[in-house]
Amino acid sequence: MTSAQMFITATIILYLCFVICTGVMIGRQSKKSAEGFYLGGRGIGPLVTAMSAEASDMSSWLLMGLPGVAYLSGVADASWTAIGLALGTYLNFLLVAKRIRRYSVQLDAITIPAFISKRYQEKRPIIMCIASLIILIFFVPYVASGLAAIGKLFNSLFGWNYMLAVVIGALVIISYTSVGGFSAVATMDLIQSIIMTVALVVITVFSINQAGGVDAVVENAKSMDGYLSFFQTYDPASGSAKPYPIINIFSMLAWGLGYFGMPHILVRFMAIRDEKELTLSRRIASVWVVISMTVAVCIGMIGNSVSKAGHIPTLEGSASETIIVQIANLLSTYGWLAAIVAGLILAGILAATMSTADSQLLAASSAFSENMLQDVFGMKLTPKQTMLVARGTVICIAIIAVFLAADPNSSVFAIVSFAWAGFGATFGPAILCALFWKRSNRQGILAGLVVGGVMVFVWKFLIAPMGGALAIYELLPAFLSALIAIVVVSLLTPKPDASVLALFDQSKQSAE
């Protein structure tokens, strides 16, 4: 191990120790109840709400996936995806946040399955059961993908055993998630979002200098046909521009629809201490997401120029996702202080991964321990038993995720995009209809959850492989199918009971 690698390793180890100690300390001060464990006692401030929502959303995709796409093919693919995500972030805060915070308090719901079930006052917890299963189906492999990303990061950097790195990552996340619950997770997400931001800024400044300045970056981008176009992409194989069809634009923008159905983001809205503070949270989150994704796209473009200048290897295919890692390694060669900064940058990638995995782990835990065991199977637990089961569930799900992450050749991005589509197409239409359509009923919501979930699999594995216009992101057709199913089935079945309608009116009136 070189001296630079030693400094990088020491920096990352210190960061992990800081995460564990801070998370455990916060957890010891948090409210010891189910609401405290899963929602932080509904006492989270606006800054933590905003940055926790974004950090738990972005994952390592912000620091690896987005720059990698821009590095290879230019601005079109990366930018349309970023635009869709930015719009989804803003609209989710604007349309959903206050309503679900208020409605969930009225219903005394602390999880998304509980909110939907209580919204329609179902007597048999069928929706509760299906919603909980959806969370477990998509979140457990989602957590595994985060652990796999940690394993790949340490394996590629230091040659560490892949599974050892996966286990270490899982232990760190378990340590503060099982002790502190939502309060620890949300606060650590805020800290990790700051580290992610610092990493983006440092990488941008350093890589521009290595590329020879802004003018050199622009000239390099202009030299590649279609690289700077929103309606063309650069094809590295042929060295020429390829058209970017309008259907691809809609497919990338559809990523924004996923926000309406992300349980780990929606619970941030439910957890804020005062719904009026969500306006500030929306502004903070929207500004941060636009700036961070813009910078991430620019890093991909700048990194391409750094490669052309000969300072780092030319990256092909999925290797382009390591562009920030390559630049950090280059930075580490400029002395011990630079190596420490490089370690902080790599800790930023680690932070991005952990800030998503911990939130997903907590959401999956709540679906099993709170909804399945107590609501569906009717187990009666004391407050102390509830906390023990909650923490035990976090540990068990993490262990399962470790086993699922055992294959180092699994595609992290493929798992993430599929799970994002799964949540967006099932919970997205259900949440929107539950909040905004009075006539929607439990039969319609049940149909939407089933149709959305099934269509994600059908489109991904049966229809999209046909190619052409059908090869679009499965979230868009599955979301629309679920929405249609809710509307059609709701209109064909009896309207909700008077008590359900009255509660909807009460929630609507308090919003006005």
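## Arg119 and its partners

The side chain of Arg119 comes to 2.7 Å from the backbone oxygen of Ala434. This is a predicted model. Arg119 sits in helix H6, residues 112-119.

Arg119 is buried, yet it has no salt bridge. The nearest side chain of opposite charge belongs to Asp505, 8.8 Å away. A salt bridge requires a side-chain nitrogen of Lys or Arg within 4 Å of a carboxyl oxygen of Asp or Glu. Setting aside neighbours within four places in sequence, Arg119 is in contact with nine residues named here: Tyr103, Leu107, Cys433, Ala434, Trp437, Lys438, Ser440, Val500 and Phe504.

## Helix H5

Helix H5 covers residues 75-107 and has 33 residues. From first C-alpha to last, H5 reaches 45 Å. That is close to the 48 Å expected at 1.5 Å a residue.

H5 is bent. The angle is about 45°, and the bend falls at Val96. Asp108 follows H5 and has a positive phi, near 55°.

## Tyr244 in its loop

Tyr244 lies in the loop between strand E2 (240-243) and helix H10 (246-253). Buried means under 20% relative accessible area. Tyr244 has a relative accessibility of 8%, so Tyr244 counts as buried.

The side chain of Tyr244 makes a polar contact with the side chain of Asp77, at 2.5 Å. Beyond neighbours within four places in sequence, the contacts of Tyr244 include Ala76, Asp77 and Trp80. Phe230, Phe231, Gln232 and Thr233 are also among them. So are Ile249 and Met252. Tyr244 and Phe230 are 14 residues apart in sequence, and their C-alpha atoms are 7.8 Å apart.

## Gly169 in helix H8

Gly169 is part of helix H8, residues 162-211. Its relative accessible area is 7%, which means Gly169 is buried.

Leaving out neighbours within four places in sequence, Gly169 is in contact with Leu147 and Ile150. Gly169 and Ala357 are separated by 188 residues in sequence. In space, the two are 9.9 Å apart, C-alpha to C-alpha.

## Helix H11

How many of the residues of H11 are buried? The count is 9 of 9, over residues 263-271. The buried residues of H11 include the charged Arg268. His264 is buried too. The others are Pro263, Ile265, Leu266, Val267, Phe269, Met270 and Ala271.

Notes:
Residues numbered from 1 in each chain as written. Predicted model: local features only at pLDDT ≥ 70, side-chain atom pairs only at ≥ 80, totals over all residues. Heavy atoms only, no water. Helix = DSSP H or I, 4+ residues; strand = E, 2+ residues; numbered from the N terminus. Expected span 1.5 Å × (residues − 1). Bend = angle between axes of the 7 residues up to and from the residue. Buried < 20%, exposed > 50% of the residue type's maximum accessible area, 1.4 Å probe, protein only. Polar contact = N/O pair within 3.5 Å; in protein donor to acceptor, adjacent residues only side chain to side chain. Contact = heavy atoms within 4.5 Å.
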